[in-house]
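Trainee: I have a structure open in front of me, and I would like to learn how one gets from the coordinates to the words people use about it. Could we go through it together?

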Amino acid sequence: MGIAFRKYHGLGNDFILLDNRHQPEPLITPEDAIQWCDRHFGIGADGVIFALPAQGETDYTMRIFNSDGSEPEMCGNGIRCMAKFLADLETVETGSARPHYRIHTLAGLMVPRMEPNGEVTVDMGIPWLLAEEIPTTLAASDSKVIDVPLEVAEKSWQVTCVSMGNPHCITFVNDVAAIPLETLGPQFEHHPAFPKRINTEFIQVVRPDYLKMRVWERGAGITLACGTGACAALVAGVLNGKCDRSATLELPGGNLHITWNEADQHLFMTGPAELAFTGEA
Ligand SMILES: N[C@@H](CCC[C@H](N)C(=O)O)C(=O)O
């Protein structure tokens, strides 16, 4: 007997979801995840997500392995997919699903809420901005990293760093389509200034409420969308005076809507989460 899985995606950022609610340890190893995520020899995905038992005052716990087997702290598109997965499981089991979930992650509490149109809005918590929190050596540990120079591929880039629990390095450019992401991405990811590696977003400001984004993800490479990256990019845009606190982020896989509340500093992300197919591996 194999392990049953369901594959979901958020704007083409795709994940294998496992019902791990009966035991606290992930059903498969990081090595298995590498094999399962392989697009030629496996199921194919950007990561594997485990719906685990609750911790503390939460409903469930989420863990994720990237397609290279590393374990990130958080995943924005993934948590929308996890909410949809849980709602689908609960509907089969009890005939109805909760309108929202309190989910424990390595980045703290996240709260996805189901929208009437099928999209999911997630309270992503508060961004972390200090260099030691990212982490990066680009500034003193208790300083923010806003519009500082970083040497990559024999060029100086002005970068801003934001942690959404996981680390992001954001660069504003005139034309995202002109960025050679395949060659630049790995050089940002493995730059010695980032001891835990980094997710890298290139952002083009079309209007203060509309940004275009391309992303190179730590542990996964080029993906069609990144939820934590879109949140980090909006925060970087606000910190650099380039965008509004509420904006649409256009990614290769589609659009996300992000709002950074002034009152409590929480970020809210709204976007789709869809079932692609189910199987057994
Ligand atoms: N695609 C995700 C982020 C997944 C984790 C990332 N690769 C990391 O290592 O931090 C998202 O939608 O946020």
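Mentor: What follows is a set of questions on this structure, and please keep in mind that it is a predicted model.

Trainee: What makes the overall form of the protein chain count as agreeing with a compact globule?

Mentor: A compact globule of 281 residues would have a radius of gyration near 19 Å, and since the protein chain has 18 Å, the value agrees with that expectation. Along the principal axes, the C-alpha atoms fill a box of roughly 55 × 40 × 35 Å, and the chain holds four helices and 17 strands.

Trainee: How many of the residues count as buried, and what does that word rest on?

Mentor: A residue is called buried if 20 or more other C-beta atoms lie within 10 Å of its own, and 44% of the 281 residues in the protein chain count as buried.

Trainee: Which two domains is the chain divided into, and how far apart are their centres?

Mentor: Domain 1 takes in residues 4-125 + 272-280, while domain 2 covers 148-265, and their C-alpha centres lie 23 Å apart. Their contact, which is judged by C-beta atoms within 7 Å, takes 22 residues from domain 1 and 18 residues from domain 2. On the domain 1 side, helix 2 (residues 76-94) gives the most, with three residues, and by class that side has seven nonpolar, eleven polar and four charged residues.

Trainee: Why is the largest nonpolar core said to lie between the domains?

Mentor: This core has 77 residues, among which Leu17, Val48, Met82 and Ala230 touch the most other members. Domain 1 and domain 2 both give residues to this core, so we conclude that it lies between them. As one example of such contacts, Met82 meets Leu17, Ile49, Ala51, Met62 and Ile103, once its neighbours within four places in sequence are left aside.

Trainee: What makes up the shell around the ligand, and which residues come nearest?

Mentor: A residue is counted there if its C-beta atom lies within 6 Å of the ligand. Of the 18 residues around the ligand, Pro72, Gly76, Asn166, Gly227 and Thr228 come nearest, and by class the shell has four nonpolar, twelve polar and two charged residues.

Trainee: Where in the chain does this shell come from?

Mentor: Domain 1 and domain 2 each provide at least three residues of the shell, and helix 2 and helix 4 (227-239) each supply at least two.

Terms used. Residues are numbered from 1 along each chain as its sequence is written. This is a predicted model: local features need pLDDT of at least 70, side-chain atom pairs count only at pLDDT 80 or more; totals for chains, interfaces and linings use all residues. Domain bounds come from an automatic or database domain assignment. Two residues are in contact if their C-beta atoms, placed from the backbone, lie within 7 Å. Ala, Val, Leu, Ile, Met, Phe, Trp, Tyr, Cys and Pro count as nonpolar, Asp, Glu, Lys and Arg as charged, and the others, Gly among them, as polar. The radius of gyration is taken over C-alpha atoms; the globule rule is 2.2 Å times the number of residues to the power 0.38. A residue is buried if 20 or more other C-beta atoms lie within 10 Å of its own, exposed if 12 or fewer, and partly exposed in between; C-beta atoms are placed from the backbone. A nonpolar core is a set of buried Ala, Val, Leu, Ile, Met, Phe, Trp, Tyr and Cys residues joined through C-beta atoms within 7 Å.
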